[in-house]
Amino acid sequence: MGMQTDDHRLILYRDGQEPRDITQFIGDLTATDELNALSVELTFSQIISPWDKYVPKINLSPGDKLRVNNKGTDIFSGVIVRVGLDGNVTAYDLGWYLNKSNIVFQCTKTAADTAVKQMCAKAGITAGEIISLPTKITQSWVGKTPAEILSDILSACSAETGKDYHYRVINDALVIKELTEDVLIAYHKPAENVAFFNITWALGQVSGEDSIEELKNSVVIAAEDDGKVYIGAESSNASSISKFGKLQHVETISEDPGDAKLRQMAKNLLSKYDRVEKTRTVEEIWGADEVTSGVVLSFNSPAFGVFGKQRVKRVTHNYGGAGHTMSLELQALVAERSVDNKDSVTVYGLPDDLGNKSDSSKTGESSAESTSEGAQKFLEVARSQIGYREQGSNRTKYGQWFGMNGVAWCAIFVSWCAAQSGAPIAKNSSVSGLRSYFQGKGLYKKTGNYIPKPGDIMIQKNSVSHTGIVESATASHVKTIEGNCSNSVRRMTRKYSEISGFGTPWG
């Protein structure tokens with residue numbers, strides 16, 4: 001419980017030098033923590049005045065270490081990654097490194113928590129507090145980042161247990177915890193002569209939306225082995241399908257968990273995805289350092305549509321100015337099912353010897369091992385943008401670059417990534433334009449027997465008109481990086497029934 005007023009200080013650390021408090025020489029200090037991001041982002045502007053002898057020349061540069069300290073407690077520790085000529089600086093905590101190195105890693109029937117620790121050792125990452133994760137993992141990754149591997153492992157755990165997990169690098173070590181449902185009561189004390197109070201008592205501007213963009217009302221549990229695809233179980237909600245149409249999620253697994261677990265996985269996944277997502281954004285609420293992504297706050301403002309337990313999906317801490325304030329993106333902890341629950345589950349079972357009939361290198365998974373250098377650069381640029389969000393309705397840095405800001409931008413994002421990396425893809429603002437470009441060059445392959453390669457361009461069906469960049473693919477699904485997906489750049493897993501074809505810029 002915060003019993004004192006805040007006093008956030010920015011401390012600079014350089015090898016061979018004493019730590020230096022540079023708070024008075026910077027402004028606009030903010031820290032952004034997003035639930036599905038890899039790390040906390042710190043931004044600020046440094047005062048630059050070459051002609052003023054009274055303004056110290058700090059000369060911040062990439063690689064400099066920073067900490068944000070509030071009266072003896074470090075609340076951020078990281079490294080500067082970008083310094084602009086205009087004085088704007090961006091730093092990240094050490095979780096940033098999880099998405100910067102590619103490794104080769106394989107595990108067979110290994111408990112997930114053990115697999116994570118083995119992966120950490122392989123990647124040179126310190127394993128900190130890691131919750132017990134008994135789910136057995138059998139999978140190989142070639143040229144994947146630790147972040148991608150962690151995402152795959154924790155997704156498998158969530159499918160089996162129905163629980164959600166959160167990971168961060170804390171005190172230079174990877175920590176994995178189950179997302180709590182316990183309510184945090186956060187307090188703020190704006191001045192020494194004012195008593196501390198619960199921050200949820202006073203709300204700033206509230207906005208939000210109810211959405212079915214991420215809703216799935218049909219789930220298939222599938223596995224592939226030795227060139228064959230097996231369906232282990234299916235679940236669906238007939239009421240939801242009747243109302244919204246069939247929206248299907250395919251979950252791939254690598255070994256047979258048994259019929260009981262297949263049934264539970266199908267139920268868990270349907271319950272997780274068949275929900276109307278209700279998000280609320282609260283601007284200019286009083287700040288509290290203990291409010292991080294993943295925590296649960298309790299609100300009682302039904303008039304503004306914010307009440308009950310709310311999970312913090314994204315928090316931006318603003319330090320200075322009027323004091324410590326926050327902007328929160330919230331999601332109801334108990335999301336409503338899309339319609340009345342009429343779930344049905346069918347279990348077909350999987351072969352007992354699944355995964356033992358062939359070498360893992362023959363699974364048909366397209367990977368970085370066979371990816372050209374150009375495609376790798378293309379993907380590296382796309383990966384670096386994951387987590388970027390619109391700055392307004394369809395307003396992005398990609399649209400500004402293209403000269404068509406404020407319009408649908410999935411194809412513009414592909415064009416931007418191509419321009420940054422030198423990929424041989426013509427500048428296009430529309431999905432139809434991309435499709436026509438590849439068709440005209442004889443580089444378009446319709447969905448069928450073709451398994452796309454990393455760096456290929458996924459084109460969705462005409463009625464959907466959406467595109468993205470392929471990261472990897474198997475015979476059952478395609479993993480992509482997509483712009484203009486829920487107003488952001490994010491990773492997605494697509495089934496082939498959603499896709500009309502692929503542009504193949506790498507031949």
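Helices here are DSSP runs of H or I at least four residues long, numbered from the N terminus. With that in hand, we can start our walk through this predicted model at helix 8, which covers residues 431-440 and contains Gly433. Gly433 counts as buried because its relative accessibility is 19%, and buried means under 20%. Looking across the chain from there, Ile80 lies 353 residues away from Gly433 in sequence, and the two C-alpha atoms are separated by 39 Å.

Helix 8 is also a good doorway to the largest nonpolar core. Helix 8 is one of the elements that each supply at least two residues to this core, alongside helix 5 (373-384), helix 6 (397-402), helix 7 (410-421) and strand 25. The biggest contribution comes from helix 7, with eight residues. The core has 28 residues, and those that touch the most other members are Phe378, Phe413, Ile425, Ile457 and Ile469.

Let us pause at Ile469, one of those well-connected residues. Setting aside neighbours within four places in sequence, Ile469 is in contact with a list of residues that includes Phe378, Leu379, Ala382, Phe413, Val414 and Cys417. The list of contacts of Ile469 also includes Gly455, Asp456, Ile457, Lys479, Thr480 and Ile481. A separate core of 26 residues lies apart from this one, with Phe105, Ile125, Ile153 and Tyr167 among its members.

Ile457 brings us to strand 25, which spans residues 457-460 and is covered on both faces. Ile457 and Ile459 are buried on one side, while Met458 and Gln460 are buried on the other. Which strands pair with strand 25? Strand 26 (residues 467-473) runs antiparallel to strand 25 and is joined to it by three bridges. Strand 29 (residues 499-503) is antiparallel to strand 25 as well, with four bridges between them. Ile459 shows both pairings nicely: its bridge partner in strand 26 is Thr467, and in strand 29 it stands opposite Gly501.

Now for the rings. The structure holds 13 aromatic pairs. One of them joins Tyr187 and Phe196 edge-to-face, with 5.1 Å centre to centre and 85° between the planes. Phe196 is partly exposed, at a relative accessible area of 30%. Tyr437 and Phe438 form another edge-to-face pair, at 5.1 Å centre to centre with 65° between the planes. Here Tyr437 counts as buried at 18% relative accessibility, and Phe438 is buried with a relative accessible area of 0%. Ring pairs also link Tyr388, Tyr398, Trp409, Phe413 and Trp416 into a cluster.

Gln385 makes a good companion to that cluster. Gln385 lies in the loop between helix 5 and helix 6, and is buried with a relative accessible area of 10%. Beyond its neighbours within four places in sequence, Gln385 is in contact with Lys397, Tyr398, Phe413, Trp416 and Val489. Charges meet rings elsewhere in the model: the charged end of Lys427 sits over the ring of Phe402, 4.9 Å from its centre. Lys445 likewise lies over the face of Tyr450, at 5.4 Å from the ring centre.

Next, turn to helix 4, made up of the 15 residues 259-273. Why should helix 4 span 21 Å? The expected span is 1.5 Å times one less than the number of residues, and the end C-alpha atoms of helix 4 are indeed 21 Å apart, in agreement. Its buried residues are Leu262, Met265, Ala266, Asn268, Leu269 and Leu270. The buried residues of helix 4 pack against helix 2 (146-161), strand 16 (218-225), strand 17 (228-237), strand 18 (248-252) and strand 23 (343-347).

Our last stop is the loop between strand 27 (477-485) and strand 28 (488-495), where Ser486 is placed. Most residues other than glycine have a negative phi. Ser486, however, has a positive phi of about 55° although it is not a glycine. Asn487 is found in the loop between strand 27 and strand 28 too, and its phi is near 65°, again a positive value in a residue other than glycine. Are these loop residues buried or exposed, wholly or in part? Ser486 is buried, with a relative accessible area of 19%, whereas Asn487 counts as partly exposed at 32% relative accessibility.

Terms used
Residues are numbered from 1 along each chain as its sequence is written. This is a predicted model: local features need pLDDT of at least 70, side-chain atom pairs count only at pLDDT 80 or more; totals for chains, interfaces and linings use all residues. Side-chain values use heavy atoms; hydrogens and water are left out. Buried means under 20% relative accessible area, exposed over 50%, partly exposed in between (1.4 Å probe, protein chains only). Two strands pair if DSSP finds at least two bridges between them. Rings of Phe, Tyr and Trp (its six-membered ring) pair if their centres lie within 6.5 Å; planes under 30 degrees apart count as stacked, over 60 as edge-to-face and the rest as tilted. A charge sits over a ring if NZ of Lys or CZ of Arg is within 6 Å of the ring centre and within 35 degrees of the ring normal. Contact means heavy atoms within 4.5 Å. A nonpolar core is a set of buried Ala, Val, Leu, Ile, Met, Phe, Trp, Tyr and Cys residues joined through side-chain atoms within 4.5 Å.
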